[in-house]
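Here are my notes on the model you sent over. Have the structure open while you read.

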Amino acid sequence: MSLTNTATRYGTVAKTLHWAVALGILAMFPLGFLASNAAYDTAEQLATKATLFSIHKTLGVTILVLAVIRIAWAVTQPKPVALHPERRAETFMAELVHWLLYGSLVLVPLSGWIEHAATEGFAPILWPFGQSLPFVPKSPELAEVFATIHYVLQWVMLGSVGLHVAGAVKHAVIDRDATLRRMWFGRTDAGAHPARRHGIAAPTGALATWALAFGVAAASGLFSHDTSAAPGPTPLRPALAEVESDWQVTEGTLGISVQQFGKTVEGSFADWTADIAFDDSEGTGQKGEVTVTISIPSLSLGSVTKQALGPEYFDAEQFTTATFTAPIARTEDGYVADGVLTLRGTEVPVTLPFTLDLADGTAQMEGTTTLDRRAFGMGETMTDPAQLGFDVQVSVNLTAARAGGS
């Protein structure tokens, strides 16, 4: 059996790549469906969900590699002529579906890979390389865009696979010709025909189909909605009251990070206020007090944002804000805010050591502290720290100006 194509049949290389990719696609769709719809309320369920996603991602990257090899091989080989070239519409549709399949085999796994590389933490690819990609930053917004692209293109792929299978069945059952047999292993005599050259009509039609799919998706609003994995509506953000403070925060970040499946997942709260009373005089002792109010629904935590905002964790629909109130003291080693954090209706003592640089009525502050999520009743079913760490690191970085500029 020849390794290369001829005018009447496909070679062993093309057949092997065809059936390897076909088996991969048959596994990918149920894996993706099961992973997306699997529950994650307990540690065991989350581990199962992560495993399903990891297998789905790993198989997707494998299919991408095989698809690139297959396409490169296809464009360098003669294409066996259609057995019924006089059926022009049927022949064109067959070529169009082939190009849709070729493109989908690259674009679907590639968009999923970019989504994975732009997120942090959840469900790694099951080999060391490929967890990140060059020129792909860690960005929840970018991940959402490519999650939507992945979603749209998977339907184009599913439709193409359906049409491809339907065409093969027609040739085998109705036409009773050798179209399907010549893609199977073994010799097939399909008659002598001149080999065909690759034209541009079918790939042009494929491009138009993808453009139509994206146009329909955009018109349906898919690109304007949150596409993160966890179900449920996004909690409404409370309108935080204006703060008349002795020191006004001009810029800053309030971030958190946690270990999930051995990787650090980082996020931040977009909306928060700080009411600061502070005496910048020399000497140690109490120098003022601070009250920080945080809009919990403003949290962004990568691909697990909605899960984190759900009832098991921050419960943002019921507890929309958290507050940290503490006196500010200056010690021999620096500054410390030793107070109480109220989160999920639970009050927990929290100590926040920080550094402070003062110059010309402007203060720059940086501080970190570590919380135990279990103290607030968060993620009580997640009892394995290898899956979800108990410690949550909180980091504060802000610049504040003295009110009145004096």
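The points below go from the whole chain down to single residues.

1. Start with the overall picture, and bear in mind that this is a predicted model. The chain carries six helices and ten strands. Its C-alpha atoms fill a box of roughly 100 × 45 × 35 Å along the principal axes. The radius of gyration is 29 Å, whereas a compact globule of 406 residues would come out near 22 Å.

2. On burial and contacts: buried residues account for 45% of the 406 in the chain. If you take contacts between residues at least 6 apart in sequence, 69% of them join residues at least 24 apart.

3. Now look at helix α5, residues 201–219. Does its length add up, or what span should 19 residues give at 1.5 Å each? The expected figure is 27 Å, and the end C-alpha atoms are indeed 27 Å apart, so the two agree. Just after the helix comes G221, with a positive phi near 85°.

4. Which residues of α5 are buried? They are A202, P203, G205, A206, W210, A213 and A217. Viewed down the helix axis, these fall within an arc of 160°, so they line one face of α5. As a reminder, an α-helix has 3.6 residues a turn, so residues three or four places apart point the same way. The buried residues of α5 pack against α3 (88–118) and α4 (140–175). Turn to the other side of α5 and you will find L207, L212 and A219 exposed.

5. Next, strand β3, which covers residues 272–278. Five of its seven residues are buried, so the rest of the structure largely encloses this strand. Its antiparallel pairing with β4 runs over seven bridges, and I276 stands opposite V290 of β4. The two strands make a hairpin with six residues between them, and G283 in that turn has a positive phi of about 95°.

6. Have a look at S298 too, in the loop between β4 (285–295) and β5 (299–300). Is S298 buried or exposed? Its relative accessible area is 2%, so it counts as buried. A polar atom of the S298 side chain lies 2.6 Å from the backbone oxygen of S295. The backbone nitrogen of A270 is also 3.2 Å from a polar atom of that S298 side chain.

7. Strand β10 (residues 388–402) is where V396 sits. Which strands pair with β10? Strand β1 (residues 247–260) does so in the antiparallel sense over twelve bridges, with N397 of β10 as the bridge partner of T253. Strand β9 (residues 362–372) also pairs with β10 in the antiparallel sense, over eleven bridges; here Q364 stands opposite T399.

8. Last, V396 itself. With a relative accessible area of 13%, V396 falls under the 20% cut-off, so it is buried. Setting aside neighbours within four places in sequence, V396 is in contact with T253, L254, L352, M365, E366 and G367. For a sense of distance, try picking M28 as well: M28 and V396 are 368 residues apart along the chain, and their C-alpha atoms are separated by 42 Å.

Notes:
Residues are numbered from 1 along each chain as its sequence is written. This is a predicted model: local features need pLDDT of at least 70, side-chain atom pairs count only at pLDDT 80 or more; totals for chains, interfaces and linings use all residues. Side-chain values use heavy atoms; hydrogens and water are left out. Helices (H or I, at least four residues) and strands (E, at least two) are DSSP runs, numbered from the N terminus. The expected span of a helix is 1.5 Å times one less than its number of residues. Buried means under 20% relative accessible area, exposed over 50%, partly exposed in between (1.4 Å probe, protein chains only). The arc is that of the directions from the helix axis to the C-beta atoms. Contact means heavy atoms within 4.5 Å. A polar contact is a pair of N or O atoms within 3.5 Å; within protein, one must be able to donate a hydrogen and the other to accept it, and residues adjacent in sequence count only if both atoms are side-chain atoms. Two strands pair if DSSP finds at least two bridges between them. The radius of gyration is taken over C-alpha atoms; the globule rule is 2.2 Å times the number of residues to the power 0.38.
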